[in-house]
Amino acid sequence: MTSVRIPAGWPATEEQARAVQDELRERVVLDEPGPPPGSGRVTGVDVAYDDERDVVAAAAVVLDAARLDVVAEATAVGRISFPYVPGLLAFREIPTVLAALAALPCPPGLVVCDGYGLAHPRRFGLASHLGVLTGLPTIGVAKNPFTFAYDDPDAPRGSTSPLLAGTEEVGRALRTRHAVKPVFVSVGHRMSLDNACAHTLALSPAYRLPETTRRADALCRRALRHATA
């Protein structure tokens, strides 16, 4: 487990954080398809908090994309680096997530975030932020639609409907299990939306959430319990 300090110069105010978002958002790459589903490696990242103790734990779990077996995993624990502000959650998570990724013994390949990419009020959620900082292809797979509108997809697995900000498609509601509530997929960096949805389906053979998210969620919670015991 890696211990993480808050980086020097890390934004301390909402104004500073939004200025960083404005700068980095210009670097998001949207014209690459990304790796094909079921190939190479894919890594889930997630975080868990203990606000009372000022502790955040991050996990990165690498899976073989074809078999969904765990190839490698790493965790990092540090202080919470930013207050809770909707739309700026990445600033609470990025330092420990980067440390967990850096501690992996192998390249992560595609990174799947438990959160948002372009489906974000400022079009720069955690998946986009992480992708720009690392250069890795990233997608966001969220449990709820945040502030965006969508029509319920048809019942069969694989059905989708646009996730809309007005008339702009910022992601898709994707049915990963028949007649079960959809997940909400958005592009982070260096990935097409069609391919992001295809990856999410390939990573969700048995449950609503992709295996990357399920494994990373369990690991970061264990790391948090260990760190605060």
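**Notebook: the sheet and the cavity**

I began with the strands of this predicted model, and I found an open sheet of 9 strands in the order β1-β4-β3-β2-β5-β6-β9-β8-β7, with mixed pairing. I then looked at the edges, where β1 (2-4) and β7 (160-165) stand, and noted that each has a single partner strand, so one side of each is left without a neighbour in the sheet. For the twist I looked up how neighbouring strands of this sheet are turned against each other, and the average is 30°, direction ignored.

Next I followed one pairing inside the sheet: β2 (41-50) runs antiparallel to β3 (residues 55-64), and 10 bridges join the two strands. Within this pair I located valine 45, which stands opposite alanine 60 in β3. I also checked what packs on the sheet and noted helix α5 (residues 211-228), which touches β2, β3, β4 (70-78) and β5 (110-113), while the direction of α5 makes about 145° with that of β3.

I turned last to empty space. The structure holds 1 cavity of 30 Å³ or more, and about 50 Å³ of space lies in the largest cavity. Which residues line the largest cavity? I listed Gly38, Ser39, Arg41, Val42, Ala65, Leu110, His199, Ala202 and Leu203. By class, I recorded 5 nonpolar, 3 polar and 1 charged residues in this lining. Asking which elements each supply at least two residues of the lining, I noted that β2 (41-50) and α4 (193-202) do so. Strand β2 thus appears twice in my notes, as the partner that 10 bridges join to β3 and as a contributor to the lining of the largest cavity.

How values were computed:
Residues are numbered from 1 along each chain as its sequence is written. This is a predicted model: local features need pLDDT of at least 70, side-chain atom pairs count only at pLDDT 80 or more; totals for chains, interfaces and linings use all residues. Side-chain values use heavy atoms; hydrogens and water are left out. On a 1 Å grid over the protein atoms alone, a cavity is a set of points where a 1.4 Å probe fits but cannot get out, and a pocket is an open set with protein on both sides within 12 Å along at least five of seven lines; lining residues have an atom within 4 Å of a point. Grid points are joined across faces, edges and corners, and a volume is the space filled by probe spheres set on the points. Helices (H or I, at least four residues) and strands (E, at least two) are DSSP runs, numbered from the N terminus. Ala, Val, Leu, Ile, Met, Phe, Trp, Tyr, Cys and Pro count as nonpolar, Asp, Glu, Lys and Arg as charged, and the others, Gly among them, as polar. Two strands pair if DSSP finds at least two bridges between them. Axes are lines fitted to C-alpha atoms, for helices over the stretch in contact, and angles run from 0 to 180 degrees between N-to-C directions. Contact means heavy atoms within 4.5 Å.
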